Structure formats: structure tokens, C-alpha cells
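Here are a few exercises to help you find your way around. Keep the sequence and the 3D view open, and try each task before you read its solution.

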Amino acid sequence: MSLLQELQDRSGNQCELCASKDDLSIYEVPPISTGGVDGSLLACSTCIEQIENPETTDANHWRCLNDSMWSEFRAVKVVAWRMLHRVKKDGWSQDLLDMLYLEDNDVRFAEATGEHLDESEKIIHRDVNGAILQAGDNVVLIKDLKVKGSSMVAKQGTAVRRISLDPENAKYIEGKVDGTQIVIITDYVKKMAEKE
């Protein structure tokens, strides 16, 4: 069974956030999505557009979270938590946040994008050239790096795709090199252009 089919079955073929039945597609929850059913949800184009482009957020649209935040599925709860934080200046969302319960692992996953922080609190990750790194970006190593605790050496020029950011330290990111998840210091990476 395909991922799309599994999500359609799970959701009753409607957006898992707002219950729309129009223009549905798979949304993989960043930054460290496991993909598959656990790291994805079925969402409409309106929800995905607003999730990915904060400047388009319509707080009233997200009143739908009053229902969907109770989902039993991790990906849905995490996105609900993030969007409620994004619109919390509207008051009503804080009441929902106060009721929303997430397991510790889910809270860490939800906080990984920094969505819940005010601009003054956000930790900014920058590559060697000063370019801002965001969760899900692709980077290239600019020097050979020995991986602590193993005999592995990550070679200069290696692409690290879909990085995640350390929420507590602006110098650390994580990514997979040769199938191994490693911590990388931002001074040794360069952000890849979108089309690389």
C-alpha cells in the first residue's frame, strides 16, 4: 500500500488539519521527518501553503485545530502545536495550547523548528559564509571531518541533505553522512543552492 493510500485511509480522505476534501497531498513534517506514515500527514493546499509561508497565515483558518489537535497521530499533533504557537497572539489559540498534551518526544519534535519562539529568542544557525541555515536545508562539507566515536571520516564535498538544527546551540546541526546521523559544526559547512 502506498503512503498516499495509507494516509487517505487514516484520514478518511480529508485534510487531517482542517477536514477539507479538496486538493489533498502528503505533507512531510520537518525538520527531522521520519517520512512514512508517522512523519507525514494528509493536508489540503490551503493548510500546506500557510504552514510553509508564515506570511500567508490566516489565524481564523486555524480555528479548525480545535478538533484536529486531538488526533492520535504524532504528525498531526505536532503541526497543530506549531500552528497554535504561530497564531497565539490571537488569544483563543493559547486556550487550546493549554489543553494540548504532547509526550516529551513529541514536544522535542515540535520545538525543533523554533516556530514557538519569539524572534528575539530564536537561535540563528549560519554556515561558514554567514548564510542562514534552516531545518531541511542541504549543505556541503568544506573540509574532511573525523566523526567522534567512530573511524569514519566525512569527506570534503560530501552533501548532507535535510539537516536538522540543534535548538540550543547555533553552532551545531545534524545530518546523515553515509547513512549515519552525525552532529556537524556549522563552521565546516556551506549551504547548497536550491538547484544543486
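**Exercise 1.** In what order do the three strands of the open sheet with β10 lie, and is the pairing parallel or antiparallel?

*Solution.* A quick heads-up: this is a predicted model. Start with the order, which runs β9-β10-β11, and then check the direction: the pairing is antiparallel. Next, look for strands that pair on one side only; these are the edge strands, β9 (164-165) and β11. Now zoom in on β9 and strand β10 (residues 172-177): two bridges join them. To see one such partnership, pick Leu165 and look across to β10, where its bridge partner is Ile173.

**Exercise 2.** Work out how the strands β5, β8 and β12 are arranged.

*Solution.* Put the three strands in order first: β8-β5-β12, forming an open sheet with antiparallel pairing. The edges come next, and they are β8 (159-160) and β12 (189-191), each pairing on one side only. Then follow strand β5 (residues 139-141) along β8: the two pair in the antiparallel sense over two bridges. For a landmark, find Val140, which stands opposite Ala159 in β8.

**Exercise 3.** Describe how helices α4 and α5 meet.

*Solution.* Take the geometry first. The axes of α4 (residues 74-86) and α5 (residues 92-99) come within 9 Å and cross at roughly 145°. As for handedness, α4 passes α5 in a left-handed crossing. Now list who touches whom: α4 brings Trp81, Leu84 and His85, while α5 offers Trp92, Ser93, Leu96 and Leu97. Finally, sort this contact by class, and you get five nonpolar, two polar and no charged residues.

**Exercise 4.** Find the second largest pocket and say what lines it.

*Solution.* Begin with its volume, about 300 Å³. Two elements give two or more residues to the lining of this pocket: β6 (145-146) and β11 (180-185). Of these, β11 supplies the largest share, with four residues. Next, pick out some lining residues in the 3D view, among them Leu145, Lys146, Tyr172, Ile182 and Tyr188. Last step: sort the lining by class. You should count eight nonpolar and two charged residues, with no polar ones. Can't spot the charged pair? Look for Lys146 and Lys148 in the lining.

Notes:
Residues are numbered from 1 along each chain as its sequence is written. This is a predicted model: local features need pLDDT of at least 70, side-chain atom pairs count only at pLDDT 80 or more; totals for chains, interfaces and linings use all residues. Side-chain values use heavy atoms; hydrogens and water are left out. On a 1 Å grid over the protein atoms alone, a cavity is a set of points where a 1.4 Å probe fits but cannot get out, and a pocket is an open set with protein on both sides within 12 Å along at least five of seven lines; lining residues have an atom within 4 Å of a point. Grid points are joined across faces, edges and corners, and a volume is the space filled by probe spheres set on the points. Ala, Val, Leu, Ile, Met, Phe, Trp, Tyr, Cys and Pro count as nonpolar, Asp, Glu, Lys and Arg as charged, and the others, Gly among them, as polar. Two strands pair if DSSP finds at least two bridges between them. Axes are lines fitted to C-alpha atoms, for helices over the stretch in contact, and angles run from 0 to 180 degrees between N-to-C directions. A crossing is left-handed if the near helix is turned anticlockwise from the far one by less than a right angle, and right-handed if clockwise.
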